[in-house]
Amino acid sequence: MSSILRIRWAITPKIAPRPHLNCNRCGGLKPYHSSGKFRVNANGKRIDAWLIYRCIYCDNSWNFGVLERCSRRDIEPALLQAFESNDSALARRHAFDVVALRSRIGRVEEFPEAVVHKEVLGDRPENTTALELHLRLEMPTALRLDRLLANELGISRSRLQVWEEKRLLAVGPDGAKALRRPARAGTAIRVHLSGEPDRDDIISAAGG
C-alpha cells in the first residue's frame, strides 16, 4: 500500500473583492461591497443587468454592469430568472469576478480570509510518510499558498522554506514559485514527513 495520504482541500473565500469608488455622499474614495442584489432593465428586446454595490459607510449605491444591451433571445430563460430573483450563487460569482471589476475600477481590495474543507481521497495508509494535497477553489482567492499551508498545517512559513530547500516540499504544476502567489485551483502539493518529529500533528492538521 502507498504511504502517501491524499487529501483534497476545497477553499471557499469569505469576503468578496471590494472596489474603491468616489462616493458622492461621503466624499472621497470609499470601499463598496456587493449587496447580493441585481437590477434588471428590459428596454424592448434588449436586457441590461447590474450587480448593485453599496458604500460600506453610507450605503450609497453603485451599479456594476454584468449584461449590457443583450438580446433577450440570447439569454437563457433560467439565467434571466436568476438575475430577476437575485440568485445568491449568481451574485456571488459576479462579486468574486475580480478581473471584471479591475477592468472597470482602478482599485479593488482583495481579502485572504477563507474556509478550507478537507477530504481524504482514497484509502488511508497504515504508515503515512508523505502528504499530497490537491486544491480546489470555489472562487479565486487572494490567500497566498505559503500562508494557506502554514495556517492549515500549523507550522511556520520559515519551516516551509526549509522543506523547500531540503526538497521535502514539491508544488505542481508551477513549482516552488507558486508558494509566494495566491493559491490556485489544480495545484498539488507533496510534503515528505518521514523525518519530522511532529508528523502525526501535521497529518492531523492537514485533515488526515
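## Exercises on a predicted model

The chain has a radius of gyration of 22 Å, whereas a compact globule of 208 residues would have one near 17 Å. Keep in mind that this is a predicted model.

**Exercise 1.** Describe the overall build of the chain, using its span along the principal axes and its helices and strands.

*Solution.* Start with the C-alpha trace, which spans about 70 × 40 × 25 Å along its principal axes. Next, turn to secondary structure: the chain holds six helices and 10 strands. Finally, look at burial: 38% of the 208 residues are buried.

**Exercise 2.** Find the residues that form a positive surface patch, then decide whether Arg 73 is buried or exposed.

*Solution.* The patch is made up of Lys 45, Arg 46, Arg 69 and Arg 73. Now locate Arg 73: it sits in the loop between β5 (61–71) and α1 (77–84). Exposed means over 50% relative accessible area. Arg 73 has 78% relative accessibility, so it counts as exposed.

**Exercise 3.** Asn 86 has a positive phi, and so does Arg 167; place each residue and classify its exposure.

*Solution.* Take Asn 86 to begin with. Its phi is about 55°, although it is not a glycine, and it lies in the loop between α1 and α2 (88–95). Asn 86 counts as partly exposed because its relative accessibility is 27%. Then move to Arg 167, another non-glycine residue, with a phi of about 60°. Arg 167 is in the loop between α5 (157–165) and β9. With a relative accessible area of 75%, Arg 167 is exposed.

**Exercise 4.** Work out which form the peptide bond from Gly 172 to Pro 173 takes.

*Solution.* Check omega, which is near 5°: the bond is cis. Pro 173 itself lies in the loop between β9 (169–172) and β10 (188–192).

Definitions and conventions: Residues are numbered from 1 along each chain as its sequence is written. This is a predicted model: local features need pLDDT of at least 70, side-chain atom pairs count only at pLDDT 80 or more; totals for chains, interfaces and linings use all residues. Side-chain values use heavy atoms; hydrogens and water are left out. Patches are made of residues with over 30% relative accessible area and no salt bridge: like charges are joined within 9 Å, nonpolar side chains (Val, Leu, Ile, Met, Phe, Trp, Tyr) within 5 Å. Accessible areas come from the Shrake-Rupley method with a 1.4 Å probe; for residues, only the protein chains shown count as cover. A salt bridge is a side-chain nitrogen of Lys or Arg within 4 Å of a carboxyl oxygen of Asp or Glu. Lys and Arg count as positive and Asp and Glu as negative; His and the chain ends are not counted. The place of a charge is taken as NZ of Lys, CZ of Arg, CG of Asp or CD of Glu. Helices (H or I, at least four residues) and strands (E, at least two) are DSSP runs, numbered from the N terminus. Buried means under 20% relative accessible area, exposed over 50%, partly exposed in between (1.4 Å probe, protein chains only). The radius of gyration is taken over C-alpha atoms; the globule rule is 2.2 Å times the number of residues to the power 0.38.
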